[in-house]
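Below are some remarks on the charged side chains in this model, set out point by point for a colleague who has the coordinates open.

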Amino acid sequence: MDDQTYDQERARKLVELLRALGARIAGLKDDADLLAAGPELMKLMGDARSELFHYEVRATYDTPEVAESRRIVEEALRNRERIDFDIDGDEPWRPQT
């Protein structure tokens, strides 16, 4: 698995982890059981928290190709005000000087 991206299989496992945590909490019969399960729940929540962090970081990671495409678009948007779009000119795509 590429550590810089978060694939569908890993996302599915994260969903299962979160659902299992919710089911475990819901399955505890009363407040005393819930409080007694503190250490177990802390471990489950820690695992979920760690995996959620990886999901957030990796799911928003841009591959080098995507980052380069984004840079090109952003540069074009910044420079669009300086481009002469006069279609009667010889080279309308050249920046105005």
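**Notes on the salt bridges**

1. Arg10 counts as buried, because its relative accessibility is 15% and the limit for that class is under 20%. This is a statement about a predicted model, and the remarks that follow should be read in that light.

2. The partner of Arg10 is Glu51, with which Arg10 forms a salt bridge whose closest N and O atoms are 2.7 Å apart. The pair links distant parts of the chain, since Arg10 belongs to helix α1 (residues 8-27) and Glu51 to helix α3, with their positions 41 residues apart in the count. Glu51 also counts as buried, because its relative accessibility is 18%, and this salt bridge therefore joins two buried residues.

3. What else does Glu51 touch, leaving aside residues up to four places away in sequence? Besides Arg10, the contacts of Glu51 are Tyr6, Leu14 and Leu17. Glu51 itself sits in helix α3, which spans residues 38-59.

4. A second salt bridge that involves helix α3 lies within that helix: the side chains of Asp47 and Lys43 meet at 2.9 Å, N to O, and the two residues are four apart, about one turn of the helix. Is this pair buried or exposed? Lys43 is exposed, because its relative accessible area is 55% and the exposed class begins over 50%, whereas Asp47 counts as partly exposed, at 33% relative accessibility.

5. In helix α4 (residues 64-79), Glu75 and Arg71 are likewise placed four residues apart, about one turn of the helix. They form a salt bridge in which the closest N and O atoms are 2.7 Å apart. Glu75 is partly exposed, with a relative accessible area of 33%, and Arg71 also counts as partly exposed, at 39% relative accessibility.

6. The pairs described above do not complete the account, for Glu9, Arg12 and Glu16 are linked in a network of salt bridges. How many salt bridges does the count come to? The count comes to seven salt bridges.

7. Taken together, the pairs discussed here include one that links distant parts of the chain, Glu51 with Arg10, one within helix α3, Asp47 with Lys43, and one within helix α4, Glu75 with Arg71. In checking them against the displayed structure, a reader might begin with Glu51, for which both the salt bridge to Arg10 and the contacts with Tyr6, Leu14 and Leu17 have been listed.

Key:
Residues are numbered from 1 along each chain as its sequence is written. This is a predicted model: local features need pLDDT of at least 70, side-chain atom pairs count only at pLDDT 80 or more; totals for chains, interfaces and linings use all residues. Side-chain values use heavy atoms; hydrogens and water are left out. Contact means heavy atoms within 4.5 Å. A salt bridge is a side-chain nitrogen of Lys or Arg within 4 Å of a carboxyl oxygen of Asp or Glu. Buried means under 20% relative accessible area, exposed over 50%, partly exposed in between (1.4 Å probe, protein chains only).
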